[in-house]
Amino acid sequence: MNSLPRLPPPGTEPVRTCVGCRARAPRSALVRVVLEAPGASRAAVDDRASAPGRGAWLHADQQCLDLAVRRRAFPRALRSAGPVDLDAVHAWFTDRSDAVIEEESGLEADGHPMSTQR
Ligand SMILES: [Zn+2]
């Protein structure tokens, strides 16, 4: 049965430009940042890249976020009239790096995770 959804063949994925380092990359390699609502000043990461409106594309990399902030790329990319509040975006990027650190330090702090399980 040919019931698989029709996926675009590999190699034809749309390409976007990272607003931080300005490199071009396939959509799936970037995260999308959108305004929380049309005309809002707060931006958030659009994990599913499905929110309506304009989006700013960015590598999931703290350096690209910093670059984009420094060149004020977000208000331009999102067509915002004023400055864009990026707290939620910064938190999203911090969360990602925290997760890795927590995993490592958790192992060290706990020592023997099996000992409590008898
Ligand atoms: Zn980048």
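Here are some worked exercises on the predicted model above.

**Exercise 1. Getting your bearings**

Work out how many helices and strands the protein chain has, and in which pattern they follow each other.

*Solution.*
Step 1: Count the elements, and you'll find three helices and five strands.
Step 2: Now walk along the sequence, which gives β-β-β-β-β-α-α-α.
Step 3: For a feel of the folding, look at contacts with a separation of 6 or more: residues 24 or more positions apart account for 54% of them.

**Exercise 2. The sheet**

Find the order of the strands in the open three-stranded sheet, and say which strands stand at the edges.

*Solution.*
Step 1: Let's start with a general reminder: strands of a sheet pair through backbone hydrogen bonds, either parallel or antiparallel.
Step 2: In this sheet the order is 4-3-5, and the pairing is antiparallel.
Step 3: Strand 4 (43-46) and strand 5 (55-59) each have a single partner strand, so they are the edges, with one side of each lacking a neighbour in the sheet.
Step 4: From one strand to the next, the twist averages 35 degrees.
Step 5: Zoom in on strand 3 (residues 30-35), which pairs with strand 5 over five bridges. Here V33 sits opposite A56, and V31 sits opposite L58.

**Exercise 3. An edge strand: enclosed or open?**

Decide whether strand 5 is largely enclosed or not.

*Solution.*
Step 1: Recall that strand 5 is at an edge of the sheet, with a single partner strand.
Step 2: Check burial, where 20 or more other C-beta atoms within 10 Å make a residue buried.
Step 3: Four of the five residues of strand 5 pass, so the rest of the structure largely encloses this strand.

**Exercise 4. The nonpolar core**

Find which residues touch the most other members of the largest nonpolar core, and which elements supply two or more residues.

*Solution.*
Step 1: The core has 22 residues, and the best-connected ones are V19, V33, A43, A56, L58 and F74.
Step 2: Strand 3, strand 4, strand 5, helix 1 (62-70) and helix 2 (73-77) each give two or more residues. Strand 3 gives the most, with five.
Step 3: Try V19 as an example. Leaving out residues up to four places away in sequence, V19 touches A56, W57, L58, A68, A73 and A77.

**Exercise 5. Two faces of helix 1**

Explain why the buried residues of helix 1 lie on the same side.

*Solution.*
Step 1: List the buried residues of helix 1: C64, L65 and A68.
Step 2: Around the axis they cover an arc of only 100 degrees, so they share one side of helix 1.
Step 3: In general, an α-helix has 3.6 residues a turn, so residues three or four places apart point the same way.
Step 4: Flip to the face turned away from the buried side, and you meet the exposed residues Q63 and R70.

**Exercise 6. Unusual backbone angles**

Find where R22 and R79 lie, and what their phi values are.

*Solution.*
Step 1: As a general rule, most residues other than glycine have a negative phi.
Step 2: R22 has a positive phi of about 70 degrees, and R22 lies in the loop between strand 1 (15-17) and strand 2 (24-26).
Step 3: R79, also not a glycine, has a positive phi of about 55 degrees, and R79 lies in the loop between helix 2 and helix 3.
Step 4: R22 has 12 C-beta neighbours inside 10 Å, so R22 counts as exposed. R79 has 12 as well, so R79 counts as exposed.

Conventions
Residues numbered from 1 in each chain as written. Predicted model: local features only at pLDDT ≥ 70, side-chain atom pairs only at ≥ 80, totals over all residues. Pairing = 2+ DSSP bridges. Axes fitted to C-alpha atoms, helices over the stretch in contact; angles between N-to-C directions. Core = buried A, V, L, I, M, F, W, Y, C linked by C-beta atoms within 7 Å. Contact = placed C-beta atoms within 7 Å. Arc of directions from axis to C-beta.
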